[in-house]
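Subject: Handing over a structure for you to look at

Hello,

I am passing a structure on to you, and I hope you enjoy looking through it. Please open it first, and then read on for what turned up.

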Amino acid sequence: MPTSPALAPQALALLALAACSGDAAQEARRATPERPNVLLVTIDTLRADRLGCFGRAEAATPNIDALARRGARFEAAWTCVPLTLPAHATLLTGLEPPEHGLRVNTRAALGSSMPTMAERARSAGSATAAFVSAAVLDGSFGLDRGFQLYDDDLGPLVLGGPPMIERPAKETIDAATRWIATQADRSWFAWVHLYDPHRPWGAPEPFRSRHSDPYDAEIAAVDAELRRLFAACDPATTLIVVTSDHGEGLGEHGEESHGVLVHEATLHVPLIVAGPGVAAGTTIRAPVGLVDLAPTIAARAGWRTLGRGRDLAEALRGVEPPASVLYAESEYARIEFGWAPLHALRQGDDKLVEGPLVAGAAARELYDLAKDPRELANHAGTQRARAEDLSRTLADYAATFVAHPVARAGGDPTTAQAVAALGYAGGSGTIAYTGRDPRSSMAIVEDHARGVSLLQHGRPQEALEHLSRAVASDGRAPVFRLDLGRALAATGRRAEARRELDEALRLAPDLEQAWYHLGVAQAQDERLEEALGSFARSLELVPSAWPSLLARAWVLLRLERAAEAADDLARVVALRPKDRGVRLEQARLLRSMGRSQEALRAIEAAIALDESEPGAKAWLAWELATNSVDALRDGARALALARALSSSKPDDAATLEILAAALAEVGRPTEAARVQGEACRLAPAELDPALLSEWRARVGRYERGEKHREP
């Protein structure tokens, strides 16, 4: 969870010193060339071949390219998995996905039995901070362990509004550079994660106009921001590592995005290391893995080692490392759809991909990456002996894995919603295995991903085409049924939505999100007791599923079970104490229960969480001017709030309505009538005619000195 990213620099410095005073940390030390600071930058979804230093002549990446010139560039770096959370877990622990247990996004959290780089840095006396840019790396997934500051604050959430998916590189780097500036007297380890090259693309200007390819535009925008981050670091005492968690398919082998296939488009990542002790201008051609980074960084920074990977110290000095094997996997299709997983092994220039069993034998691919970097010629059929040899090597390597227990993920449905908005499948259910080969089913994957993204961005009618096609292609995948049901419900086709959700639950009875959405559809159709049962099942599966608690509270209120509704509401607030949207929903429910004083406190709490948001202030002004409880009105404060709002929105009819009510409350009837008349004149065409009639009648009442009261 976010740890006060907006604190003043002095407070951050004190926080860092205090947090290092516990048993887990040694005495603070200064950075030296021998034991440097460490800046780890991970640029999400960045293909190596889109950077100038990796050969793209038209790339606009001067800052990354300059870093490569003063450090070591690894030409053949591999990620272990083409998904954000598990790849970063490997980066921070030096363990392969079957060992740390995070195989896909959001399903689990990193367990406590594995040391992380941040813990090693803290125990060596360094300050630690992370600045991440996407919900998929929320602290609830366990990567925050060892970081004194884990800034995953993407901005205030609005209940019912679009999920907070990411924050731009500028905001993340602003936060990181502020923190680095407070660490002049001590060594530090900072991880900065930038998400911009991940879909959906939308680079800021001038980059959007300069680049015809929106992916290139995002990369150029990130590179421009990195100049400030690199400049904040002392090059004599800071080791800078720039890499990516995975690449992007961009249509190669039928994969537009990433996550399912294990081809070079998504496995080959950039890796650049620069700083003290690194030979400038070094190019390392031998294959290396992200699994090697944790032990390499630990050794260079003077921390205790960790993980199974190799220490690439000699490579940083310009010496090619000895041959090794690299492992990669994608369990995404198996876990989310019930299809077959894919596993890959690289040994030198040879690469093996193993898929599901066909007629008792694994469906294999064999490539020579030196001659065929885009993997267009599969030699598994003509070089069977080599494929068999690599298959045995893969099995032998997998036999060395020691699995660590994972922790239960935080289960925050808002985070899951944000991750879904990025196009990822995701649920909590147990999916029956069908063994379908994902390599021949990418059209289905892309339809589902596109449909989910459209749905989460408020375009359910367009989403229906893609999600219906996914279900028609494979109706046995519960998550396809779930998301089609969500789209049908969003377009008002609730009976069809219930049928899809029922089928999803028949296939996966523990699919929590399906129970929630089924409950919502039942409540909308006045099947209130059935809705209560669905919400209860959702909460049995995920007790922290606060949307189910909140929805159940509304249903209980409609059933005149106010005390139970209040209990559910209190649990929601306890689960989401810093969520402005939840506080406003709490206020609405309390107001509908006639508990006006508590509702006002909830509105005040929402404002305290985000002073810049005008909606809560408008509601507070209205309540202070019109509440039927005399002791709760405060005309002077209502007027001050309404004037501030109207100064920024002078032609907004709703704001003028509030101002008129406040003027009437403080005894200025003539002004109140004039402002209310102006609100009527500016009323939008779509305003309910009955409400407009009430507004007009209010003009006369204000002229007579009456005041408006809300029941």
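Let me start with one tryptophan: Trp515 has a relative accessible area of 19%, under the 20% cut-off, so Trp515 counts as buried. Please keep in mind throughout that this is a predicted model.

Where does Trp515 lie? It belongs to helix α19, which covers residues 512–524. Setting aside neighbours within four places in sequence, Trp515 is in contact with Leu505, Pro509, Ser534, Arg537, Ser538 and Leu541. Pro478 is 37 residues from Trp515 along the chain, and the C-alpha atoms of the two are 12 Å apart.

In the loop between α19 and α20 (528–541) you will find Glu526. Although Glu526 is not a glycine, its phi is positive, at about 65 degrees. Its relative accessibility is 53%, so Glu526 counts as exposed.

**The nonpolar cores**

The largest nonpolar core has 51 residues, and the members that touch the most others are Phe74, Met117, Leu143, Phe189, Trp191 and Trp303. Which helix gives this core its largest share? That is helix α10 (residues 293–301), with 5 residues. A second core, separate from this one, has 41 residues, among them Ala618, Ala653, Ile658 and Leu663. As background, nonpolar side chains in soluble globular proteins tend to be buried together.

Helix α10 itself is mostly covered, with 8 of its 9 residues buried. Those buried residues are Leu293, Ala294, Pro295, Thr296, Ile297, Ala298, Arg300 and Ala301. Just after α10 comes Gly302, whose phi is positive, at about 80 degrees.

For a close look at one core member, try Leu143. Apart from neighbours within four places in sequence, Leu143 is in contact with Leu85, His88, Ala89, Leu92, Leu110, Leu137, Tyr150 and Trp191.

**Three helix pairs**

Two packed helices are described by the angle between their axes and the distance between the axes. Here are three pairs to look at in that way.

The first is α21 (residues 546–558) with α22 (residues 562–575), packed at an angle of about 160 degrees with axes 8 Å apart. Are they roughly parallel or antiparallel? Angles over 145 degrees count as roughly antiparallel, so that is the description for α21 and α22. The crossing of α21 past α22 is left-handed. On the α21 side, the contact involves Trp546, Leu549, Leu550, Arg552, Ala553, Leu556 and Leu557. They meet Ala562, Glu564, Ala565, Asp568, Leu569, Arg571, Val572 and Leu575 of α22. By class, this contact of α21 with α22 has 11 nonpolar residues, no polar ones and 4 charged ones.

Next come α6 (residues 169–181) and α8 (residues 214–231), whose axes come within 10 Å and cross at roughly 10 degrees. Angles under 35 degrees count as roughly parallel, so α6 and α8 are roughly parallel to each other. From α6, the contact is made by Ala169, Lys170, Ile173, Asp174, Ala176, Thr177 and Ile180, and from α8 by Val222, Glu225, Leu226, Arg228 and Leu229. The contact of α6 with α8 divides into 7 nonpolar, 1 polar and 4 charged residues.

The last pair is α25 (residues 614–626) and α27 (residues 653–665), with axes 9 Å apart at an angle of about 30 degrees. That angle makes α25 roughly parallel to α27. As α25 passes α27, the crossing is left-handed. Ala618, Ala621, Trp622, Ala625 and Thr626 of α25 meet Glu657, Ile658, Ala661, Ala662 and Glu665 of α27. The classes in the contact of α25 with α27 are 7 nonpolar, 1 polar and 2 charged. Ala618 and Ile658, which belong to the second core, are also part of this contact.

**Backbone details in the loops**

The loop between β6 (188–194) and α7 (207–210) holds Pro200, and Pro206 lies there too. The peptide bond from Arg199 to Pro200 is cis, with omega near 0 degrees. Another cis peptide bond joins Glu205 and Pro206, with omega about 5 degrees.

Finally, have a look at His253, in the loop between β7 (238–243) and α9 (264–267). Phi of His253 is positive, near 60 degrees, in a residue other than glycine. With a relative accessible area of 30%, His253 is partly exposed.

Happy exploring, and best wishes!

Methods: Residues are numbered from 1 along each chain as its sequence is written. This is a predicted model: local features need pLDDT of at least 70, side-chain atom pairs count only at pLDDT 80 or more; totals for chains, interfaces and linings use all residues. Side-chain values use heavy atoms; hydrogens and water are left out. A nonpolar core is a set of buried Ala, Val, Leu, Ile, Met, Phe, Trp, Tyr and Cys residues joined through side-chain atoms within 4.5 Å. Buried means under 20% relative accessible area, exposed over 50%, partly exposed in between (1.4 Å probe, protein chains only). Helices (H or I, at least four residues) and strands (E, at least two) are DSSP runs, numbered from the N terminus. Contact means heavy atoms within 4.5 Å. Axes are lines fitted to C-alpha atoms, for helices over the stretch in contact, and angles run from 0 to 180 degrees between N-to-C directions. Angles under 35 degrees count as roughly parallel, over 145 as roughly antiparallel, 65 to 115 as roughly perpendicular and the rest as oblique. A crossing is left-handed if the near helix is turned anticlockwise from the far one by less than a right angle, and right-handed if clockwise. Ala, Val, Leu, Ile, Met, Phe, Trp, Tyr, Cys and Pro count as nonpolar, Asp, Glu, Lys and Arg as charged, and the others, Gly among them, as polar.
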